[in-house]
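Colleague: Got a minute to walk me through this one? I'd like to start with the side-chain contacts.

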Amino acid sequence: MKAFHTLRNRKRLYDFEILVMILSALKWKQKNGEIVLVTDKKGINFIKDYGLFGIWDDVQVVLDEMTDLKINETVFWAGAKILALSKQNAPCVMIDLDFILWETIDFDLYEDSVMVIHRESVDSDIYPDREFFKVRDNFIFDNSWDWKIDACNTAFVYFGNEYHRKLYCEKSISFMKNALIEDDYLNYMLFAEQRLIAMCAKSCGCKIDSFSNIKELYNGKQKYFTHIWGYKQTLKDNVNLQKDFCKKCINRIYRDFPQQGEYLSKFEWFNKYLKSR
């Protein structure tokens with residue numbers, strides 16, 4: 001199954017983020033198939049400097065188009081994922097850089113559905129009602145959309161239905177282009193990314209599956225995948241934890257992908273952790 005990562009190089013990536021990204025790509029190739037990196041011109045320079053060109057099967061340089069779309073990337077900080085998805089064809093998998101899938105998935109079980117990690121209830125302030133959102137007249141809220149349907153976490157998404165993929169991208173990008181907001185950093189993005197995906201699926205009759213739930217994420221029993229989203233800030237705030245985490249990632253790279261580990265050891269950012277192991 002073809003998957004893609006999205007790297008819009010607008011901020012610093014910590015070493016632990018880069019190492020998780022490496023493991024995410026390498027594990028996908030080992031267990032599930034091809035993976036490409038969708039990035040921009042700055043991203044190309046970044047992966048060259050860090051010796052990462054061989055991590056993915058291909059690199060697509062298309063995300064500079066975000067500037068042409070005039071999307072507010074402060075509000076829509078994950079908007080590049082949707083643009084990257086618009087450049088793909090179903091079936092495909094969208095994976096966040098901080099998400100590692102450790103096992104093989106039988107995608108034949110999901111056929112033309114959409115499959116996500118878990119669903120999220122919209123009964124909270126982060127998923128407000130329609131009246132909350134201010135948009136230009138160019139964007140029309142579809143009357144068929146179900147505002148009560150659970151949202152979808154998009155750290156990992158399998159798109160099996162091409163019509164749904166295209167509809168979701170079209171509606172999400174249009175919403176981001178026409179949103180009349182300058183300082184919302186959560187509600188608008190979650191609507192464009194995690195709510196519209198479910199609304200569009202239901203409106204076109206596309207089934208939604210999930211292979212985990214919120215309870216499993218918090219009880220410590222989920223071993224099928226690793227998603228470090230909630231742990232990032234803890235690592236950023238604690239230098240010692242950062243170093244230990246990086247060493248663990250490097251040990252895993254050497255254990256499972258020794259050739260890649262040997263190659264990366266030529267680069268100082270990687271080698272400094274080898275020296276202190």
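Modeller: Sure. Keep in mind that this is a predicted model. Start at arginine 12: its charged end sits over the ring of tyrosine 14, 4.0 Å from the ring centre.

Colleague: How many aromatic pairs does the structure hold?

Modeller: The count is 35 aromatic pairs. Take tryptophan 77 and tryptophan 229. Their ring centres are 6.4 Å apart and their planes meet at 10°, so this pair is stacked.

Colleague: Where do tryptophan 77 and tryptophan 229 lie?

Modeller: Both are in loops. Tryptophan 77 is between helix H3 (65–69) and helix H4 (79–86), and tryptophan 229 is between strand E11 (225–227) and helix H8 (232–237). The pair therefore ties together parts that are 152 residues apart in sequence.

Colleague: And tryptophan 229, buried or exposed?

Modeller: Exposed, because its relative accessibility is 54% and the cut-off is over 50%. Tryptophan 77 is at 34%, so it counts as partly exposed.

Colleague: What about phenylalanine 211 and tyrosine 224?

Modeller: They form an edge-to-face pair, 5.5 Å centre to centre with 70° between the planes. Phenylalanine 211 is in the loop between strand E10 (208–210) and helix H7 (214–218). Tyrosine 224 is in the loop between H7 and E11. The two are 13 residues apart. Tyrosine 224 has 28% relative accessibility, so it counts as partly exposed.

Colleague: Which residues form the aromatic cluster?

Modeller: Phe76, Phe132, Phe133, Phe139, Phe141, Trp145, Trp147, Phe175, Tyr188 and Phe191 form one cluster.

Colleague: Switching to helices. Where is the kink in H6 centred?

Modeller: On arginine 195. The kink is about 45°, in a helix that covers residues 187–203. Of the 17 residues of H6, 15 are buried, so the rest of the structure largely encloses this helix.

Colleague: What comes just after H6?

Modeller: Glycine 205, which takes a positive phi of about 75°.

Colleague: Last topic, pockets. How much space lies in the second largest pocket?

Modeller: About 210 Å³. It is lined by 14 residues, and the closest to its centre are Thr226, Ile228, Phe245, Lys248 and Cys249.

Colleague: Which helix gives the most to that lining?

Modeller: H9, with 6 residues. Helix H1 (15–31) and helix H9 (239–256) each supply at least two.

Colleague: And the lining of the second largest pocket by class?

Modeller: That lining has 10 nonpolar residues, 1 polar and 3 charged.

Definitions and conventions
Residues numbered from 1 in each chain as written. Predicted model: local features only at pLDDT ≥ 70, side-chain atom pairs only at ≥ 80, totals over all residues. Heavy atoms only, no water. 1 Å grid on protein atoms, 1.4 Å probe; cavity = no way out; pocket = protein on both sides within 12 Å on 5 of 7 lines; lining within 4 Å. Points joined across faces, edges and corners; volume = space filled by probe spheres on them. Helix = DSSP H or I, 4+ residues; strand = E, 2+ residues; numbered from the N terminus. Nonpolar A, V, L, I, M, F, W, Y, C, P; charged D, E, K, R; others polar. Phe/Tyr/Trp six-rings, centres within 6.5 Å; stacked < 30°, edge-to-face > 60°. Buried < 20%, exposed > 50% of the residue type's maximum accessible area, 1.4 Å probe, protein only. Lys NZ or Arg CZ within 6 Å of the ring centre and 35° of its normal. Bend = angle between axes of the 7 residues up to and from the residue.
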